[in-house]
Amino acid sequence: MSRTSRLSAAVLTALLAVLLSLVVAPASSATPPSGADHGVDPAEDLLVIGHRGASGYRPEHTLASYELAARMGADYIECDAVSTADAVLVCRHENEISGTTDVADRPEFADRQTTKTIDGVELTGWFTEDFTLAELQTLRAVERLPELREENTLYDGLFAVPTLDEFLQLRADLSRELRREIGAYIETKHPTYFDGIGLSLEEPLVADLREADLDRRRSPVFLQSFETTNLRELDAAGVKVPLVQLLSASGAPADLVAAGLPYTYADLSTAVGLAVISRYADGVGPEKSQVIPLAEDGTLGEPTSFVADAHAVDLLVHPYTFRNENEFLPAELDEGTDPAAYGRALEEQLAFWAAGVDGIFTDNPDTGVLTRDLFLDADVELAPAA
Ligand code: G3P
Ligand code: CA
């Protein structure tokens with residue numbers, strides 16, 4: 001790089017730092033950022049996070065999925081939280097629920113089908129905010145990916161949509177039974193959208209946590225979001241549990257887009273962006289390709305500087321999402337051509353543990369526990385592929 005290029009890169013970096021600091025500043029000028037002091041110990045064990053429970057084996061975000069994840073050894077189970085019409089938080093990946101419940105087959109709710117724009121995307125379906133909790137609890141969960149996970153359709157129609165309270169109660173019950181603390185990893189979904197319809201997610205979230213006596217510095221809880229404003233508000237409100245800024249390989253946080261600000265996940269994922277995030281959060285959840293991208297031929301490439309950049313500012317790194325099926329694996333780790341067949345998922349995960357990540361979100365918590373243990377036991381090696 002020439003001297004002029006180096007100079008302009010330095011100027012651009014400094015400019016980005018100033019601009020991001022202004023945009024992603026403390027949510028309340030009366031309350032300074034905590035410096036992300038939420039009682040996180042970076043030396044803690046490597047974490048296996050049951051993504052939507054054990055969603056590789058059960059319909060996602062059901063108590064059965066969470067319970068299986070815990071029994072498989074997951075350290076944390078994940079609830080994505082959205083609101084009902086009566087402001088109760090329930091666990092669903094999106095507020096549009098036609099892909100994960102039987103709502104489309106319920107004649108009594110046919111007139112609730114509608115079209116909305118959520119974070120700039122037009123969607124037609126059924127939305128949690130149009131149902132009371134009592135109505136929502138009459139629905140039953142179905143498998144989101146029936147073509148890839150045909151076995152999971154066995155459970156279609158069996159399980160209800162859980163509330164966040166029920167999720168937290170299950171966590172407590174399983175922690176007692178299994179004699180180890182099962183953590184709760186909770187994501188607020190579409191917080192700007194829910195603010196806009198008068199169903200803010202953060203207040204009931206904090207209320208539920210406090211009711212469960214979990215808003216403490218060493219509570220086994222992480223709060224996560226793809227948006228920035230709500231995390232900064234939670235930090236400014238004095239929430240004691242660790243906060244995780246979710247990132248993506250493309251796009252921009254919906255709150256910044258809604259505010260007309262030009263900053264993207266790519267900006268937030270630079271060393272400068274991560275330093276700004278570390279003012280209010282304790283960790284980051286990148287898409288796995290931000291840690292190890294795929295090469296042009298679809299095979300696993302070389303690690304980026306992402307983990308080192310995040311660790312340099314004391315941010316934990318919990319990438320998403322690790323899944324056993326060929327469909328989700330780098331090309332060279334596929335076994336056969338069936339997208340639903342399991343490939344060499346262990347090798348993918350071992351590459352990420354070796355790249356220094358602090359935890360992984362996985363649909364297959366048993367596989368995550370296995371690779372974490374293989375990684376920690378340096379004497380064990382996988383046999384080379386045939
Ligand atoms: O929250 C981490 C990971 O779950 C983010 O992706 O879309 O599955 O919520 P998503
Ligand atoms: Ca999530």
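## Around ligand 1

The shell around ligand 1 divides into three nonpolar, five polar and two charged residues. Here Ala, Val, Leu, Ile, Met, Phe, Trp, Tyr, Cys and Pro count as nonpolar, Asp, Glu, Lys and Arg as charged, and the others, Gly among them, as polar. If you would like to find them in the viewer, ligand 1 is surrounded by His51, Asp80, His93, Glu187, Gln224, Leu246, Gly285, Tyr320, Thr321 and Phe361 (C-beta atom, placed from the backbone, within 6 Å of the ligand).

## About the model

This is a predicted model, in which local features need pLDDT of at least 70 and side-chain atom pairs count only at pLDDT 80 or more, while totals for chains, interfaces and linings use all residues. Residues are numbered from 1 along each chain as its sequence is written, with chains lettered from A and ligands numbered from 1 in the order in which they are written.

## The chain overall

The protein chain has 14 helices and eleven strands, taken as DSSP runs (H or I, at least four residues, for helices; E, at least two, for strands) and numbered from the N terminus. Of its 386 residues, 45% count as buried, with 20 or more other C-beta atoms within 10 Å of their own, C-beta atoms being placed from the backbone.

## Helices 13 and 14

Helix 13 (residues 345–354) and helix 14 (residues 365–376) have axes that come within 9 Å and cross at roughly 55 degrees. Axes are lines fitted to C-alpha atoms over the stretch in contact, and angles run from 0 to 180 degrees between N-to-C directions. The two helices are therefore oblique to each other (not under 35, over 145 or 65 to 115 degrees).

Notes: A residue is buried if 20 or more other C-beta atoms lie within 10 Å of its own, exposed if 12 or fewer, and partly exposed in between; C-beta atoms are placed from the backbone.
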